[in-house]
Amino acid sequence: MLSRIATLILHIHPSNRIKAVYLGLRPFTDLCRTPVVMLRLAAFIVLTATLMTSVNGQTFTRSFDPGTGDYLKALGAKIIAEPTNQRQRDAYEPFAVAFFGWNLIAMSRLKYNSLDAASMEVAQVGLSIFTNELNDVVATMAKRPTTLQTFVDATDQERAAIRKVIVQKYAMKYSAMGAIVNDEAELDEIANWKYALGASLGELAGYISQWYAYPTLPGYQEAVARNLSAMQKHLNNAPPGVTPEFRANMQKLVAFAANKSFTVDQRSALAAALKETLLSTINFGTLVSANTAPRTTTALATTTTATTDPAAAKGHFDRATKLFDSNDIPGALTAFNAAIRLDPENGLYYFRRAYLYGRLNDANAQINDYTRAIRYKGNLRESHYNRGSVYLSEKLYPSAIGDFTSALAIDPSFYQAHYNRALAYFHSGNLKAAEADLNRAISINPEHGRSYFLRADIYCSQGLIMSAIKDEDAAIKLGENVVKRCGK
(Lines give C-alpha, C1' and ligand atoms only; values in the text may rest on other atoms or scores of the structure.)
Protein backbone atom coordinates (compact mmCIF):
# COMPACT_ATOMS: atom_id res chain seq x y z
CA MET A 1 0.00 0.00 0.00
CA LEU A 2 1.08 3.57 -0.52
CA SER A 3 1.10 5.59 2.68
CA ARG A 4 -2.23 7.10 3.62
CA ILE A 5 -0.49 10.42 3.98
CA ALA A 6 0.39 10.40 0.30
CA THR A 7 -2.97 9.13 -0.90
CA LEU A 8 -5.05 11.58 1.13
CA ILE A 9 -4.77 14.35 -1.43
CA LEU A 10 -5.74 11.94 -4.19
CA HIS A 11 -9.08 11.46 -2.41
CA ILE A 12 -9.87 15.18 -2.29
CA HIS A 13 -12.67 16.01 -4.71
CA PRO A 14 -11.57 18.41 -7.48
CA SER A 15 -14.07 20.98 -6.24
CA ASN A 16 -12.14 21.16 -2.98
CA ARG A 17 -8.79 22.05 -4.60
CA ILE A 18 -9.51 25.76 -4.32
CA LYS A 19 -10.45 25.26 -0.69
CA ALA A 20 -7.11 23.59 -0.05
CA VAL A 21 -5.21 26.53 -1.53
CA TYR A 22 -7.39 29.00 0.40
CA LEU A 23 -6.60 27.22 3.64
CA GLY A 24 -2.88 27.41 3.08
CA LEU A 25 -2.77 23.68 2.33
CA ARG A 26 -0.90 24.14 -0.94
CA PRO A 27 2.29 22.66 0.58
CA PHE A 28 0.16 19.73 1.74
CA THR A 29 -1.04 18.98 -1.79
CA ASP A 30 2.24 19.70 -3.54
CA LEU A 31 4.40 17.73 -1.10
CA CYS A 32 2.26 14.62 -1.27
CA ARG A 33 2.43 14.66 -5.06
CA THR A 34 6.21 14.90 -5.38
CA PRO A 35 7.83 11.67 -6.63
CA VAL A 36 10.62 11.81 -4.04
CA VAL A 37 8.19 11.87 -1.13
CA MET A 38 5.99 9.21 -2.73
CA LEU A 39 8.99 6.92 -3.08
CA ARG A 40 10.18 7.59 0.44
CA LEU A 41 6.78 6.91 1.87
CA ALA A 42 6.57 3.72 -0.13
CA ALA A 43 9.77 2.62 1.60
CA PHE A 44 7.74 2.22 4.79
CA ILE A 45 6.24 -0.89 3.21
CA VAL A 46 9.64 -2.48 2.71
CA LEU A 47 10.84 -1.78 6.23
CA THR A 48 7.59 -2.86 7.82
CA ALA A 49 7.76 -6.23 6.14
CA THR A 50 11.47 -7.01 6.33
CA LEU A 51 14.49 -7.03 8.62
CA MET A 52 17.36 -4.86 7.46
CA THR A 53 20.97 -6.03 7.75
CA SER A 54 23.69 -4.14 9.56
CA VAL A 55 24.71 -0.95 7.78
CA ASN A 56 27.55 1.21 9.12
CA GLY A 57 27.21 -0.43 12.51
CA GLN A 58 23.42 0.04 12.72
CA THR A 59 21.38 -3.16 12.91
CA PHE A 60 17.90 -2.39 11.60
CA THR A 61 14.72 -4.08 12.78
CA ARG A 62 11.30 -3.73 11.23
CA SER A 63 9.83 -0.25 11.37
CA PHE A 64 6.85 0.81 13.44
CA ASP A 65 4.09 3.16 12.30
CA PRO A 66 3.08 5.56 15.11
CA GLY A 67 0.08 6.84 13.16
CA THR A 68 1.41 10.23 12.11
CA GLY A 69 0.10 9.78 8.57
CA ASP A 70 -3.30 8.52 9.69
CA TYR A 71 -3.70 11.51 11.99
CA LEU A 72 -2.67 13.88 9.20
CA LYS A 73 -5.25 12.34 6.89
CA ALA A 74 -8.03 12.70 9.46
CA LEU A 75 -6.99 16.24 10.38
CA GLY A 76 -6.72 17.32 6.75
CA ALA A 77 -10.18 15.95 6.02
CA LYS A 78 -11.66 17.93 8.92
CA ILE A 79 -9.99 21.17 7.89
CA ILE A 80 -10.90 20.82 4.22
CA ALA A 81 -14.52 19.93 5.05
CA GLU A 82 -14.97 23.29 6.81
CA PRO A 83 -12.48 25.71 5.22
CA THR A 84 -14.05 28.85 6.71
CA ASN A 85 -14.35 27.54 10.26
CA GLN A 86 -11.56 29.58 11.86
CA ARG A 87 -12.67 28.63 15.36
CA GLN A 88 -12.20 24.94 14.56
CA ARG A 89 -8.84 25.64 12.96
CA ASP A 90 -7.70 27.54 16.05
CA ALA A 91 -8.95 24.72 18.27
CA TYR A 92 -6.83 22.16 16.40
CA GLU A 93 -3.72 24.34 16.31
CA PRO A 94 -2.18 23.86 19.79
CA PHE A 95 -2.29 20.07 19.70
CA ALA A 96 -1.44 19.64 16.01
CA VAL A 97 1.44 22.12 15.94
CA ALA A 98 2.90 20.64 19.12
CA PHE A 99 2.50 17.08 17.82
CA PHE A 100 4.07 17.62 14.41
CA GLY A 101 6.64 20.06 15.78
CA TRP A 102 7.90 17.89 18.63
CA ASN A 103 7.96 14.97 16.20
CA LEU A 104 10.49 16.99 14.19
CA ILE A 105 12.41 17.99 17.32
CA ALA A 106 12.72 14.35 18.42
CA MET A 107 13.76 13.04 15.00
CA SER A 108 16.34 15.77 14.45
CA ARG A 109 18.23 14.79 17.61
CA LEU A 110 19.73 11.66 16.02
CA LYS A 111 21.26 10.84 12.66
CA TYR A 112 18.56 10.14 10.08
CA ASN A 113 18.30 8.53 6.65
CA SER A 114 16.03 8.99 3.63
CA LEU A 115 13.17 7.09 5.29
CA ASP A 116 13.33 9.31 8.36
CA ALA A 117 13.49 12.32 6.05
CA ALA A 118 10.14 11.25 4.60
CA SER A 119 8.70 11.12 8.11
CA MET A 120 10.01 14.63 8.72
CA GLU A 121 8.36 15.83 5.53
CA VAL A 122 5.08 14.28 6.63
CA ALA A 123 5.31 16.22 9.90
CA GLN A 124 5.99 19.40 7.94
CA VAL A 125 2.91 18.76 5.79
CA GLY A 126 0.89 18.76 9.00
CA LEU A 127 2.58 21.93 10.22
CA SER A 128 1.94 23.67 6.91
CA ILE A 129 -1.79 23.59 7.65
CA PHE A 130 -1.05 26.19 10.33
CA THR A 131 2.33 27.74 9.44
CA ASN A 132 4.79 27.65 6.54
CA GLU A 133 7.71 28.91 8.63
CA LEU A 134 9.60 25.60 8.59
CA ASN A 135 8.97 24.55 4.99
CA ASP A 136 12.42 25.54 3.73
CA VAL A 137 14.24 24.19 6.78
CA VAL A 138 12.65 20.74 6.55
CA ALA A 139 13.03 20.65 2.77
CA THR A 140 16.76 21.24 3.16
CA MET A 141 17.03 18.59 5.87
CA ALA A 142 15.08 16.07 3.80
CA LYS A 143 17.33 16.42 0.76
CA ARG A 144 20.50 15.61 2.65
CA PRO A 145 20.21 11.79 3.05
CA THR A 146 19.97 10.08 -0.32
CA THR A 147 19.54 6.42 0.68
CA LEU A 148 18.37 4.21 3.51
CA GLN A 149 22.01 3.51 4.28
CA THR A 150 23.08 7.17 4.43
CA PHE A 151 22.68 8.67 7.90
CA VAL A 152 23.21 12.40 8.40
CA ASP A 153 22.85 14.95 11.19
CA ALA A 154 20.61 17.98 11.34
CA THR A 155 22.71 21.10 11.81
CA ASP A 156 22.58 23.14 15.01
CA GLN A 157 21.04 25.95 12.99
CA GLU A 158 18.27 23.67 11.71
CA ARG A 159 17.50 22.37 15.18
CA ALA A 160 17.43 25.93 16.51
CA ALA A 161 15.09 27.04 13.70
CA ILE A 162 12.63 24.27 14.53
CA ARG A 163 12.69 25.11 18.24
CA LYS A 164 12.28 28.80 17.51
CA VAL A 165 8.93 28.13 15.85
CA ILE A 166 7.62 25.19 17.88
CA VAL A 167 8.81 26.28 21.33
CA GLN A 168 9.58 29.98 21.20
CA LYS A 169 6.47 30.88 19.23
CA TYR A 170 3.84 28.24 19.93
CA ALA A 171 4.73 27.00 23.42
CA MET A 172 4.87 30.65 24.47
CA LYS A 173 1.55 31.32 22.75
CA TYR A 174 -0.25 28.65 24.76
CA SER A 175 1.60 29.10 28.06
CA ALA A 176 0.95 31.26 31.09
CA MET A 177 3.59 33.66 29.80
CA GLY A 178 1.67 33.82 26.54
CA ALA A 179 -1.39 34.96 28.45
CA ILE A 180 0.72 37.61 30.19
CA VAL A 181 2.37 38.99 27.06
CA ASN A 182 -0.98 39.01 25.26
CA ASP A 183 -2.51 40.94 28.17
CA GLU A 184 -5.14 38.25 28.65
CA ALA A 185 -6.97 37.85 31.93
CA GLU A 186 -6.69 34.08 32.04
CA LEU A 187 -4.66 31.26 30.61
CA ASP A 188 -6.55 29.13 28.08
CA GLU A 189 -6.29 25.94 30.14
CA ILE A 190 -7.55 23.68 27.35
CA ALA A 191 -5.16 25.06 24.74
CA ASN A 192 -2.32 24.77 27.24
CA TRP A 193 -3.24 21.13 27.92
CA LYS A 194 -3.51 20.38 24.19
CA TYR A 195 -0.06 21.77 23.54
CA ALA A 196 1.52 19.79 26.39
CA LEU A 197 -0.20 16.60 25.26
CA GLY A 198 0.72 17.17 21.61
CA ALA A 199 4.35 17.74 22.57
CA SER A 200 4.53 14.46 24.49
CA LEU A 201 2.77 12.43 21.79
CA GLY A 202 4.82 14.06 19.03
CA GLU A 203 8.07 13.28 20.79
CA LEU A 204 6.89 9.70 21.34
CA ALA A 205 5.97 9.37 17.66
CA GLY A 206 9.46 10.54 16.73
CA TYR A 207 11.05 7.94 18.98
CA ILE A 208 8.86 5.18 17.57
CA SER A 209 9.51 6.23 13.97
CA GLN A 210 13.28 5.87 14.42
CA TRP A 211 13.23 2.80 16.65
CA TYR A 212 13.98 0.52 13.69
CA ALA A 213 17.39 2.17 13.28
CA TYR A 214 18.28 2.42 16.98
CA PRO A 215 16.92 -0.75 18.57
CA THR A 216 19.80 -1.09 21.05
CA LEU A 217 21.05 2.49 21.40
CA PRO A 218 21.90 3.14 25.08
CA GLY A 219 19.37 5.46 26.66
CA TYR A 220 16.84 5.21 23.83
CA GLN A 221 14.36 2.93 25.60
CA GLU A 222 14.81 4.94 28.79
CA ALA A 223 13.85 8.09 26.88
CA VAL A 224 10.69 6.36 25.61
CA ALA A 225 9.87 5.26 29.16
CA ARG A 226 10.34 8.81 30.51
CA ASN A 227 8.02 10.11 27.84
CA LEU A 228 5.36 7.54 28.71
CA SER A 229 5.60 8.42 32.39
CA ALA A 230 3.92 11.76 31.59
CA MET A 231 0.82 10.16 30.05
CA GLN A 232 -1.03 9.65 33.34
CA LYS A 233 -0.59 13.33 34.13
CA HIS A 234 -2.03 14.32 30.75
CA LEU A 235 -4.95 11.96 31.31
CA ASN A 236 -5.59 13.32 34.79
CA ASN A 237 -5.59 16.89 33.45
CA ALA A 238 -7.85 16.12 30.48
CA PRO A 239 -10.81 18.54 30.20
CA PRO A 240 -14.37 17.20 30.49
CA GLY A 241 -15.04 17.34 26.75
CA VAL A 242 -12.63 14.59 25.70
CA THR A 243 -14.29 11.42 24.46
CA PRO A 244 -14.41 8.09 26.32
CA GLU A 245 -12.50 6.62 23.36
CA PHE A 246 -9.66 9.07 23.93
CA ARG A 247 -9.52 8.24 27.64
CA ALA A 248 -9.48 4.52 26.89
CA ASN A 249 -6.66 4.93 24.37
CA MET A 250 -4.64 7.07 26.77
CA GLN A 251 -5.02 4.30 29.35
CA LYS A 252 -3.37 1.96 26.86
CA LEU A 253 -0.38 4.29 26.66
CA VAL A 254 -0.31 4.64 30.44
CA ALA A 255 -0.09 0.85 30.71
CA PHE A 256 3.28 0.96 28.91
CA ALA A 257 4.71 3.45 31.41
CA ALA A 258 5.94 0.69 33.72
CA ASN A 259 8.22 -0.71 30.99
CA LYS A 260 11.93 -0.06 31.23
CA SER A 261 12.64 -1.97 28.03
CA PHE A 262 10.48 -3.07 25.12
CA THR A 263 10.41 -6.21 23.01
CA VAL A 264 9.72 -5.95 19.30
CA ASP A 265 6.11 -6.99 19.87
CA GLN A 266 5.71 -4.41 22.64
CA ARG A 267 7.09 -1.72 20.37
CA SER A 268 4.57 -2.68 17.71
CA ALA A 269 1.74 -2.62 20.28
CA LEU A 270 2.89 0.77 21.57
CA ALA A 271 2.88 2.18 18.04
CA ALA A 272 -0.65 0.84 17.49
CA ALA A 273 -1.82 2.38 20.79
CA LEU A 274 -0.34 5.74 19.85
CA LYS A 275 -2.06 5.61 16.46
CA GLU A 276 -5.42 4.94 18.10
CA THR A 277 -4.83 7.77 20.57
CA LEU A 278 -4.02 10.22 17.79
CA LEU A 279 -7.15 9.35 15.85
CA SER A 280 -9.25 9.82 18.96
CA THR A 281 -8.07 13.45 19.25
CA ILE A 282 -10.01 14.49 16.16
CA ASN A 283 -12.81 15.91 18.30
CA PHE A 284 -10.33 18.50 19.60
CA GLY A 285 -11.70 20.80 16.90
CA THR A 286 -14.77 21.31 19.08
CA LEU A 287 -12.94 21.21 22.41
CA VAL A 288 -12.44 24.85 23.35
CA SER A 289 -12.56 27.07 26.39
CA ALA A 290 -15.40 29.52 26.80
CA ASN A 291 -14.83 32.83 25.01
CA THR A 292 -11.80 31.47 23.18
CA ALA A 293 -10.50 33.93 20.62
CA PRO A 294 -7.47 33.91 18.28
CA ARG A 295 -4.31 34.84 20.17
CA THR A 296 -1.58 37.13 18.86
CA THR A 297 1.76 38.21 20.26
CA THR A 298 1.92 41.76 21.61
CA ALA A 299 4.31 43.77 23.73
CA LEU A 300 5.21 42.52 27.19
CA ALA A 301 2.30 43.32 29.45
CA THR A 302 2.80 44.60 32.97
CA THR A 303 -0.19 43.15 34.76
CA THR A 304 -2.20 39.96 35.08
CA THR A 305 -5.43 39.26 36.90
CA ALA A 306 -4.87 35.56 37.52
CA THR A 307 -6.15 34.21 40.83
CA THR A 308 -3.22 33.66 43.18
CA ASP A 309 -2.54 30.66 45.42
CA PRO A 310 1.12 30.71 46.53
CA ALA A 311 0.88 27.40 48.41
CA ALA A 312 -0.47 25.54 45.39
CA ALA A 313 2.04 27.35 43.19
CA LYS A 314 4.90 26.01 45.33
CA GLY A 315 3.65 22.47 44.72
CA HIS A 316 3.68 23.03 40.94
CA PHE A 317 7.13 24.60 41.18
CA ASP A 318 8.55 21.65 43.13
CA ARG A 319 7.05 19.25 40.58
CA ALA A 320 8.48 21.33 37.74
CA THR A 321 11.93 21.13 39.29
CA LYS A 322 11.73 17.34 39.56
CA LEU A 323 10.45 16.99 36.01
CA PHE A 324 13.23 19.21 34.73
CA ASP A 325 15.83 17.18 36.61
CA SER A 326 14.41 14.02 35.00
CA ASN A 327 14.65 15.69 31.56
CA ASP A 328 10.88 15.86 31.03
CA ILE A 329 11.06 19.31 29.46
CA PRO A 330 7.44 19.57 28.20
CA GLY A 331 6.14 18.40 31.58
CA ALA A 332 8.41 20.79 33.45
CA LEU A 333 7.30 23.69 31.26
CA THR A 334 3.65 22.92 31.95
CA ALA A 335 4.29 22.75 35.71
CA PHE A 336 6.29 26.00 35.71
CA ASN A 337 3.42 27.63 33.81
CA ALA A 338 0.97 26.44 36.46
CA ALA A 339 3.16 27.76 39.28
CA ILE A 340 3.48 31.18 37.66
CA ARG A 341 -0.23 31.36 36.94
CA LEU A 342 -0.97 30.87 40.65
CA ASP A 343 1.85 33.09 41.93
CA PRO A 344 2.59 35.54 39.10
CA GLU A 345 4.85 37.82 41.14
CA ASN A 346 7.32 35.17 42.29
CA GLY A 347 10.60 36.10 40.65
CA LEU A 348 12.22 32.75 41.42
CA TYR A 349 9.65 30.93 39.26
CA TYR A 350 10.42 33.10 36.25
CA PHE A 351 14.15 32.69 36.90
CA ARG A 352 13.93 28.90 36.86
CA ARG A 353 11.66 28.80 33.83
CA ALA A 354 14.10 31.07 32.00
CA TYR A 355 16.78 28.45 32.64
CA LEU A 356 14.48 25.83 31.08
CA TYR A 357 14.03 28.03 28.02
CA GLY A 358 17.81 28.11 27.78
CA ARG A 359 17.76 24.34 27.33
CA LEU A 360 15.34 24.92 24.45
CA ASN A 361 17.56 27.59 22.86
CA ASP A 362 14.65 30.03 23.18
CA ALA A 363 16.38 33.40 23.61
CA ASN A 364 13.28 35.59 23.49
CA ALA A 365 11.48 33.55 26.14
CA GLN A 366 14.61 33.65 28.31
CA ILE A 367 14.81 37.42 28.05
CA ASN A 368 11.12 37.79 28.90
CA ASP A 369 11.39 35.55 31.94
CA TYR A 370 14.60 37.12 33.25
CA THR A 371 12.92 40.51 32.84
CA ARG A 372 10.07 39.29 35.02
CA ALA A 373 12.51 37.79 37.51
CA ILE A 374 14.25 41.15 37.81
CA ARG A 375 10.94 42.96 38.20
CA TYR A 376 9.91 40.66 41.04
CA LYS A 377 13.35 40.55 42.69
CA GLY A 378 14.16 36.94 41.85
CA ASN A 379 17.92 36.22 42.12
CA LEU A 380 18.78 39.73 40.96
CA ARG A 381 22.52 39.25 40.44
CA GLU A 382 22.08 36.03 38.45
CA SER A 383 19.03 37.33 36.58
CA HIS A 384 20.95 40.36 35.31
CA TYR A 385 23.98 38.22 34.52
CA ASN A 386 21.97 35.53 32.73
CA ARG A 387 19.90 38.01 30.74
CA GLY A 388 23.12 39.80 29.82
CA SER A 389 24.57 36.49 28.65
CA VAL A 390 21.54 35.93 26.41
CA TYR A 391 21.91 39.44 25.00
CA LEU A 392 25.59 38.70 24.42
CA SER A 393 24.83 35.49 22.52
CA GLU A 394 22.28 37.42 20.43
CA LYS A 395 24.93 40.10 19.72
CA LEU A 396 22.90 42.78 21.50
CA TYR A 397 26.03 44.22 23.05
CA PRO A 398 24.73 47.49 24.59
CA SER A 399 21.95 45.60 26.40
CA ALA A 400 24.44 42.96 27.53
CA ILE A 401 26.81 45.63 28.90
CA GLY A 402 23.92 47.20 30.82
CA ASP A 403 22.97 43.91 32.49
CA PHE A 404 26.54 42.96 33.39
CA THR A 405 26.98 46.41 34.88
CA SER A 406 23.84 45.89 36.98
CA ALA A 407 25.14 42.52 38.18
CA LEU A 408 28.46 44.11 39.14
CA ALA A 409 26.68 46.88 41.03
CA ILE A 410 25.23 44.13 43.22
CA ASP A 411 28.48 42.16 43.48
CA PRO A 412 31.68 43.93 42.32
CA SER A 413 33.67 40.72 42.83
CA PHE A 414 31.61 38.80 40.24
CA TYR A 415 34.53 38.05 37.93
CA GLN A 416 32.38 36.19 35.38
CA ALA A 417 30.39 39.39 34.85
CA HIS A 418 33.63 41.33 34.33
CA TYR A 419 34.71 38.75 31.74
CA ASN A 420 31.38 38.74 29.89
CA ARG A 421 31.21 42.54 29.92
CA ALA A 422 34.72 42.53 28.49
CA LEU A 423 33.49 40.27 25.69
CA ALA A 424 30.64 42.67 24.95
CA TYR A 425 33.02 45.65 24.95
CA PHE A 426 35.47 43.71 22.75
CA HIS A 427 32.83 42.94 20.13
CA SER A 428 31.63 46.54 20.31
CA GLY A 429 35.15 47.75 19.50
CA ASN A 430 35.81 49.30 22.91
CA LEU A 431 39.12 47.56 23.59
CA LYS A 432 40.15 49.89 26.39
CA ALA A 433 37.03 49.09 28.45
CA ALA A 434 37.40 45.40 27.63
CA GLU A 435 41.00 45.38 28.84
CA ALA A 436 40.01 47.12 32.09
CA ASP A 437 37.35 44.48 32.80
CA LEU A 438 39.76 41.65 32.03
CA ASN A 439 42.37 43.13 34.35
CA ARG A 440 39.75 43.26 37.08
CA ALA A 441 38.57 39.68 36.38
CA ILE A 442 42.14 38.38 36.57
CA SER A 443 42.84 40.27 39.79
CA ILE A 444 39.75 38.66 41.36
CA ASN A 445 40.44 35.19 39.95
CA PRO A 446 43.99 34.72 38.66
CA GLU A 447 43.11 31.24 37.44
CA HIS A 448 40.43 32.28 34.95
CA GLY A 449 42.16 31.21 31.75
CA ARG A 450 39.64 32.68 29.31
CA SER A 451 40.34 36.19 30.64
CA TYR A 452 44.03 35.80 29.81
CA PHE A 453 43.26 34.54 26.32
CA LEU A 454 40.85 37.37 25.48
CA ARG A 455 43.33 39.92 26.85
CA ALA A 456 45.97 38.31 24.62
CA ASP A 457 43.77 39.07 21.61
CA ILE A 458 43.56 42.71 22.70
CA TYR A 459 47.32 42.96 23.24
CA CYS A 460 47.96 41.30 19.88
CA SER A 461 45.67 43.75 18.06
CA GLN A 462 47.64 46.60 19.67
CA GLY A 463 51.00 45.16 18.58
CA LEU A 464 51.98 44.16 22.12
CA ILE A 465 53.22 40.79 20.94
CA MET A 466 55.25 39.74 23.99
CA SER A 467 52.40 40.58 26.37
CA ALA A 468 50.00 38.67 24.12
CA ILE A 469 52.21 35.59 24.01
CA LYS A 470 52.61 35.70 27.80
CA ASP A 471 48.83 35.74 28.26
CA GLU A 472 48.34 32.96 25.71
CA ASP A 473 50.86 30.83 27.60
CA ALA A 474 49.07 31.57 30.87
CA ALA A 475 45.70 30.55 29.40
CA ILE A 476 47.11 27.27 28.10
CA LYS A 477 48.87 26.57 31.41
CA LEU A 478 45.49 27.05 33.16
CA GLY A 479 43.92 24.36 30.96
CA GLU A 480 42.26 26.38 28.20
CA ASN A 481 42.09 24.39 24.98
CA VAL A 482 43.16 27.21 22.68
CA VAL A 483 45.51 27.71 19.76
CA LYS A 484 48.13 30.42 19.99
CA ARG A 485 47.37 33.10 17.41
CA CYS A 486 49.75 35.95 18.12
CA GLY A 487 53.32 36.17 16.89
CA LYS A 488 52.84 33.70 14.03
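## Around the largest cavity

Two helices, H11 (189-210) and H17 (329-342), each put at least two residues into the lining of the largest cavity. H17 gives the largest share, with five residues. In total 14 residues line this cavity, and those nearest its centre are Ala 171, Tyr 195, Pro 330, Leu 333 and Thr 334. By type, the lining splits into 10 nonpolar residues, four polar ones and no charged ones.

As for volume, the largest cavity holds about 110 Å³ of space. Searching the whole structure at 30 Å³ or more turns up two cavities. Keep in mind that all of this comes from a predicted model.

## The chain as a whole

Stepping back, the protein chain has 25 helices and two strands. It runs to 488 residues, and 56% of them count as buried. Take the contacts with a separation of 6 or more: 68% of those are between residues 24 or more positions apart.

## Two nonpolar cores

Which residues touch the most other members of the largest nonpolar core? They are Ile 166 and Leu 270, in a core that counts 128 residues. Setting aside neighbours within four places in sequence, Leu 270 is in contact with Leu 204, Ile 208, Trp 211, Val 224, Leu 228, Leu 253, Phe 256 and Phe 262. Two of these contacts bring us back to the cavity section, since Leu 204 and Ile 208 carry numbers that fall inside H11 (189-210).

Another core lies apart from the largest one. This second core has five residues, among them Tyr 452, Phe 453, Ala 474 and Ala 475.

## Phe 453 and the H24/H25 pairing

Phe 453 sits in helix H24. Its relative accessible area is 11%, so Phe 453 falls under the 20% cut-off and counts as buried. Beyond neighbours within four places in sequence, Phe 453 makes contact with Glu 472, Ala 475, Val 482, Val 483 and Arg 485. For Glu 472, which is 19 residues away along the chain, the C-alpha to C-alpha separation from Phe 453 is 5.4 Å.

A salt bridge turns up in this part of the chain too: Asp 471 pairs with Arg 455, with 2.6 Å between the closest N and O atoms. Asp 471 belongs to helix H25 (residues 465-477) and Arg 455 to helix H24 (residues 449-461), so the bridge ties together parts that are 16 residues apart in sequence. Both Asp 471 and Arg 455 are buried.

## Other salt bridges

Side chains of opposite charge can pair when their charged atoms come close. How many salt bridges does the structure hold? The count is 17. One of them joins the side chains of Lys 173 and Glu 93, at 2.7 Å from N to O. This pair links distant parts of the chain, with Lys 173 in helix H9 (residues 156-173) and Glu 93 in helix H6 (residues 86-107), 80 residues apart. Are these two partners buried or exposed? Both Lys 173 and Glu 93 are buried.

The side chains of Asp 153 and Lys 111 also meet in a salt bridge, again with an N to O distance of 2.7 Å. Here the partners come from loops: Asp 153 is in the one between helix H8 (135-143) and H9, and Lys 111 is in the one between H6 and helix H7 (114-128), 42 residues apart. Asp 153 has 36% relative accessibility and so counts as partly exposed. Lys 111 is partly exposed as well, with a relative accessible area of 38%. Elsewhere, Asp 65, Asp 70 and Lys 275 are linked in a network of salt bridges.

## A look at helix H7

Helix H7 is home to Gln 124. Why does Gln 124 count as buried? Its relative accessibility is 5%, and buried means under 20%. Leaving out neighbours within four places in sequence, Gln 124 is in contact with Leu 104, Thr 131, Leu 134, Asn 135 and Val 138.

Ala 117 lies in H7 too. At 0% relative accessibility, Ala 117 is also buried. Its C-alpha atom and that of Val 138 are 8.5 Å apart, with the two residues 21 positions from each other along the chain. Val 138 is also one of the residues in contact with Gln 124.

Note on methods. Residues numbered from 1 in each chain as written. Predicted model: local features only at pLDDT ≥ 70, side-chain atom pairs only at ≥ 80, totals over all residues. Heavy atoms only, no water. Salt bridge = Lys/Arg side-chain N within 4 Å of Asp/Glu carboxyl O. Helix = DSSP H or I, 4+ residues; strand = E, 2+ residues; numbered from the N terminus. Buried < 20%, exposed > 50% of the residue type's maximum accessible area, 1.4 Å probe, protein only. 1 Å grid on protein atoms, 1.4 Å probe; cavity = no way out; pocket = protein on both sides within 12 Å on 5 of 7 lines; lining within 4 Å. Points joined across faces, edges and corners; volume = space filled by probe spheres on them. Nonpolar A, V, L, I, M, F, W, Y, C, P; charged D, E, K, R; others polar. Core = buried A, V, L, I, M, F, W, Y, C linked by side-chain atoms within 4.5 Å. Contact = heavy atoms within 4.5 Å.
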